[in-house]
Amino acid sequence: METHAEAGKEGKPSCASVDLQGDSSLQVEISDAVSERDKVKFTVQTKSCLPHFAQTEFSVVRQHEEFIWLHDAYVENEEYAGLIIPPAPPRPDFEASREKLQKLGEGDSSVTREEFAKMKQELEAEYLAIFKKTVAMHEVFLQRLAAHPTLRRDHNFFVFLEYGQDLSVRGKNRKELLGGFLRNIVKSADEALITGMSGLKEVDDFFEHERTFLLEYHTRIRDACLRADRVMRAHKCLADDYIPISAALSSLGTQEVNQLRTSFLKLAELFERLRKLEGRVASDEDLKLSDMLRYYMRDSQAAKDLLYRRLRALADYENANKALDKARTRNREVRPAESHQQLCCQRFERLSDSAKQELMDFKSRRVSSFRKNLIELAELELKHAKLKGPPGTPSAKAV
Amino acid sequence: MAAEREPPPLGDGKPTDFEDLEDGEDLFTSTVSTLESSPSSPEPASLPAEDISANSNGPKPTEVGLDDDREDLFAEATEEVSLDSPEREPILSSEPSPAVTPVTPTTLIAPRIESKSMSAPVIFDRSREEIEEEANGDIFDIEIGVSDPEKVGDGMNAYMAYRVTTKTSLSMFSKSEFSVKRRFSDFLGLHSKLASKYLHVGYIVPPAPEKSIVGMTKVKVGKEDSSSTEFVEKRRAALERYLQRTVKHPTLLQDPDLRQFLESSELPRAVNTQALSGAGILRMVNKAADAVNKMTIKMNESDAWFEEKQQQFENLDQQLRKLHASVEALVCHRKELSANTAAFAKSAAMLGNSEDHTALSRALSQLAEVEEKIDQLHQEQAFADFYMFSELLSDYIRLIAAVKGVFDHRMKCWQKWEDAQITLLKKREAEAKMMVANKPDKIQQAKNEIREEIEEWEAKVQQGERDFEQISKTIRKEVGRFEKERVKDFKTVIIKYLESLVQTQQQVFKIEVLMNGRKHFVEKRY
């Protein structure tokens, strides 16, 4: 198996193409995206010199459901049971934003024209940001697949990239959604059963450690992600609060004919500036912190899924051993039991090997992504702090 | 979609800013040392004085590229704050949570709120200095402080007693420095006495702070939590401002009731101020009647000044209310932000703990630390927002209501005069009719009666006219004075608020610089 290139693998969603460390045989990116009524259409562009593609450069239009189909195809494929399947991109959700825009449009007479314009601007920016993020998420999903030496060779992947027509994959109807939900419940029940099963010993320390670590990590990162979201939203709220304040101050200022005029107007200006800063802080936090936490929350879930599959394989192996023993004592159907046991053994070992590799990659990917984002966040915060700043109170003097 | 080139992983090319990190934390310690204290901010007292004289029509000299220079908003680096500036210590160190004992809540609120409550008397200190500078030359040498809220009694009959301290060199007071204990209803009593004497002749009597049943009940019941200490502090500051405004009024200062309030150790209990007393209900009925009357009086305004001013105050009232509501929303959200940041800091710390990669773990814990400190600062800023701005706005909303009341009184006065004139006219008509009708026997007596009445009403008309003129004159003077005060008050509070904003941002900046410096160092090692 090829060794993965750790330094190049970035797990953080971004618009840039993933650095494939010299392997440019398959490059995927989302070159364009269009938001229609309630769906988004992504234009997936592929550049490849691999033999089994008809052209070297081509693009297709895909919708979110088709991405999900691709993800599910990978998950259900037994061959990839030993790999971490990149998490599926989340559904594009413009509901909240659209609602707000609508409410704004309905009009509020107490709001001045400037205030209205500013609020509209803010909402449009928010809409745009959500849009960009959803595109980035979808792109990163594809790029990780393209970078993974095994996953990139999947037939479904090629179909996804190349097939010009609509894949006619409909969204899951209610029965399928319910089915999926039930399957999850069964899975976690199964996991609980397996771990409780007597005689099932974890032979490998590495996996034992990973399991404990991942369980704890996943819970904590989910927590942190939720709270980071709340902080980001509070910042946004605060920024929005400044709008009516500066509007009220400017109208007070324009009405005054005395010295208070300049004071009020200056204060209004200051609040306007503060608003923009707060907004920027909120969006930076959003991109660098919240998004990253969210991505790794999903990724760590995918890693947990991998561990579960391995555990399942171990359980199967154990069961096969027991069955073989029983068959041997009874001296009946030994052959099939033997071959079954061998199959299970092989499967288990295969899974363990690839899982080990995958988990180590996961770790290095995670660490480098966190580091990059935290550094960028720090730099941005410094920049903002400088702007808000330090030395000098000339604005107070000017007032 | 523009494809952004991602910076190569931190192994080779680093952003140039942090190249010097080889020398460890030197980069940031040197930055920090340049932030060392030079003389702290120039005494704010001088600021309003010079601005008032040099009425800045063209703010060009002082406007430091506020429009163009985005990178460096505060280009004039004249202000440098020390890392260890003493007044900021309490903020960065962990603060004792107010574990309040029943008797003296002040001492425990003090470390936290002190720097904020100081703003209240300071505002008025400065304006007093300015009054002295004025050409009018009214020397007001009286200083009032309200302090030491103390809970007296128990259960539902408990109340808060405040110490009112006066320092003065005016001759009408027997001593130069004295203090008395007063409770909230005493203040209300004072206000109602002053209002009944002066409002209807056109003096703008500053309104007393509002009652709050919910707030007081919590205090009475003995709920010793931060919201009740906040409430008491808020009330104390409001009472202080009320007294200071009242005392500044030259006419009200001469009033014997005010003097009695400030000086005498025992004050008859003002029972009529209770909301549910007979007097309280009477007040409510009167208010309703007044409101109806206002709608029916149609005054021929001979003086455009009054109409203009009334309109002005109406506008001002509306805008202040709107601003006040927005500022309250801001304060609320800031508190929310600080709570959320604290929660996030905890999560980040826990995440850092479970991360088994050491450098990353450390970086995450540091992130948590930074967030926590920033949260504390946000809390401080929330207090500042509230105390300075919001309280001033609500004070002025009430003051403007008093001003409107004064204008209404003028209308009533006019109405009285009008009525007197109408009655006089009727009496004169009656007299004329009597002259025409020829009834000799009743005539003489009736004539005398009418004559008397006419004289009486003539006198009333004259009095009415005089009253009206007087009240108009007084109002003009009062409004002029009110406007001056308003400008001063707002200006000072705005300056104070800006300063506190700047200081908070400076603190944030310092913390960020330090923390990020350390973070980078750690990252670099990895």
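On a 1 Å grid over the protein atoms alone, a cavity is a set of points where a 1.4 Å probe fits but cannot get out, and lining residues have an atom within 4 Å of a point. The model is predicted, with local features needing pLDDT of at least 70 and side-chain atom pairs counting only at pLDDT 80 or more. Residues are numbered from 1 along each chain as its sequence is written.

The second largest cavity holds about 150 Å³ of space, a volume being the space filled by probe spheres set on the points. Its lining includes B:Ile204, B:Pro206, B:His249 and B:Tyr396. Helix 14 of chain B contributes the most to this lining, with five residues. Helix 8 (226-248) and helix 13 (358-436) of chain B are among the elements that give two or more residues; helices are DSSP runs (H or I, at least four residues).

In chain A, the axes of helix 3 (residues 113-147) and helix 7 (residues 260-330) come within 12 Å and cross at roughly 25 degrees. The two helices are therefore roughly parallel (angles under 35 degrees). The crossing of helix 3 of chain A past helix 7 of chain A is right-handed. Among the residues that meet (heavy atoms within 4.5 Å) are A:Lys118 and A:Met137 in helix 3 and A:Asp286 and A:Tyr295 in helix 7.

The table gives both sites by residue class.

| Site | Nonpolar | Polar | Charged |
|---|---|---|---|
| Contact of helix 3 with helix 7, chain A | four residues | no residues | 10 residues |
| Lining of the second largest cavity | five residues | one residue | six residues |

Asp, Glu, Lys and Arg count as charged, Ala, Val, Leu, Ile, Met, Phe, Trp, Tyr, Cys and Pro as nonpolar, and the others as polar.

Terms used
Chains lettered and ligands numbered in written order. Heavy atoms only, no water. Axes fitted to C-alpha atoms, helices over the stretch in contact; angles between N-to-C directions. Parallel < 35°, antiparallel > 145°, perpendicular 65-115°, else oblique. Left-handed = near helix turned anticlockwise from the far one by under 90°. 1 Å grid on protein atoms, 1.4 Å probe; cavity = no way out; pocket = protein on both sides within 12 Å on 5 of 7 lines; lining within 4 Å.
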